[in-house]
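Please open the structure in a viewer and keep the sequence alongside. The tour below proceeds by selections, from the whole chain to single residues.

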Amino acid sequence: MTTIAEQLPSYSLAGAKITPATCSDLNAILKAYIDGRSQCVIVHQNMHGLHVRRSEPSFAGLEDLPNSYVHIDGMPLVLLCKLVGIDVSRAHRVTLVDWI
């Protein structure tokens with residue numbers, strides 16, 4: 001049986017990893033890792049983050065870690081994803097306030 005974490009594809013957007021996920025998807029990812037007593041890294045990405053990752057290698061390195069998921073935290077990234085053909089919607093933009 002595959003989990004939601006295994007089903008979510010990741011894409012490259014301006015050199016950054018993007019894993020389109022809804023609030024429900026993110027909760028399911030966390031549940032799968034907690035239930036499995038394993039670790040994952042959940043990173044949020046916005047326009048400022050695209051800028052920072054170019055000058056701060058440690059930030060860019062987070063998305064290269066095993067079991068990392070980079071969710072969209074800003075509507076401009078939703079637009080950029082759509083422009084390059086990544087199938088996302090407003091539901092894939094999750095900010096911390098939405099998630100808690």
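Contact, a term used at several stops below, means heavy atoms within 4.5 Å. With that cut-off in mind, select Val88 together with its surroundings: leaving aside neighbours within four places in sequence, Val88 is in contact with Pro20, Ile72, Val78, Cys81 and Lys82. This residue is found in the loop between α5 and α6, where helices (H or I, at least four residues) and strands (E, at least two) are DSSP runs numbered from the N terminus. Val88 is buried, with a relative accessible area of 5%; buried means under 20% relative accessible area, exposed over 50%, and partly exposed in between, with a 1.4 Å probe and protein chains only. Now draw a distance from the C-alpha atom of Val88 to that of Leu77: the two residues are 11 positions apart in sequence and 9.6 Å apart in space.

Two remarks on the model apply throughout. This is a predicted model, in which local features need pLDDT of at least 70 and side-chain atom pairs count only at pLDDT 80 or more, whereas totals for chains, interfaces and linings use all residues. Residues are numbered from 1 along each chain as its sequence is written, and side-chain values use heavy atoms, with hydrogens and water left out.

**The whole chain**

Select the entire protein and show it as a cartoon. Six helices and four strands are present, and from the N terminus on they run α-β-β-α-β-α-α-β-α-α. The C-alpha trace spans about 35 × 30 × 25 Å along its principal axes. The radius of gyration, taken over C-alpha atoms, is 13 Å, which agrees with the value near 13 Å for a compact globule of 100 residues; the globule rule is 2.2 Å times the number of residues to the power 0.38.

Colouring by accessibility is a useful next step. Of the 100 residues, 35% count as buried. The protein exposes about 6100 Å², of which carbon and sulfur atoms supply 57%; accessible areas come from the Shrake-Rupley method with a 1.4 Å probe, and for residues only the protein chains shown count as cover. Among contacts with a separation of 6 or more, 60% are accounted for by residues 24 or more positions apart.

**Helix α3**

Select residues 47-55, which form helix α3. Which of its residues are buried? Gly49, Leu50 and Arg53 are. Seen down the axis of α3, these buried residues fall within an arc of 105°, so they line one face of the helix; the arc is that of the directions from the helix axis to the C-beta atoms. Turn to the other side of α3, where His48, His51, Arg54 and Ser55 are exposed. To see what the buried residues pack against, add β1 (11-13), β2 (16-18), β3 (41-45), α4 (57-62) and α5 (75-83) to the view.

**Helix α5**

Move next to α5, in which Leu77, Val78 and Cys81 are buried. They cover an arc of only 105° around the axis, which puts them on the same side of α5. Leu79 and Leu83, on the other side of the helix, are exposed. The cover of the buried residues of α5 includes β1, β2, β3, α3 and β4. Just after α5, inspect the backbone of Gly85, which takes a positive phi of about 90°.

**Strand β3 at Ile42**

Select Ile42, found in strand β3. Ile42 counts as partly exposed, at 25% relative accessibility. Not counting residues up to four places away in sequence, Ile42 touches Leu26, Ile29, Leu30, Tyr69, His71 and Trp99. From C-alpha to C-alpha, Ile42 and Thr19 are 9.7 Å apart in space and 23 residues apart in sequence.

**Loops and the chain end**

Select Ala14 in the loop between β1 and β2. Its phi is near 55°, a positive value in a residue other than glycine. Asn67, in the loop between α4 and β4 (68-72), likewise has a positive phi, near 55°. At 39% relative accessibility, Asn67 counts as partly exposed.

Finish at Ile100, in the segment after α6 (96-99). Is this residue buried or exposed? Ile100 is exposed, with a relative accessible area of 82%. A last distance, from the C-alpha atom of Ile100 to that of Gly15, comes to 29 Å, for residues 85 apart along the chain.
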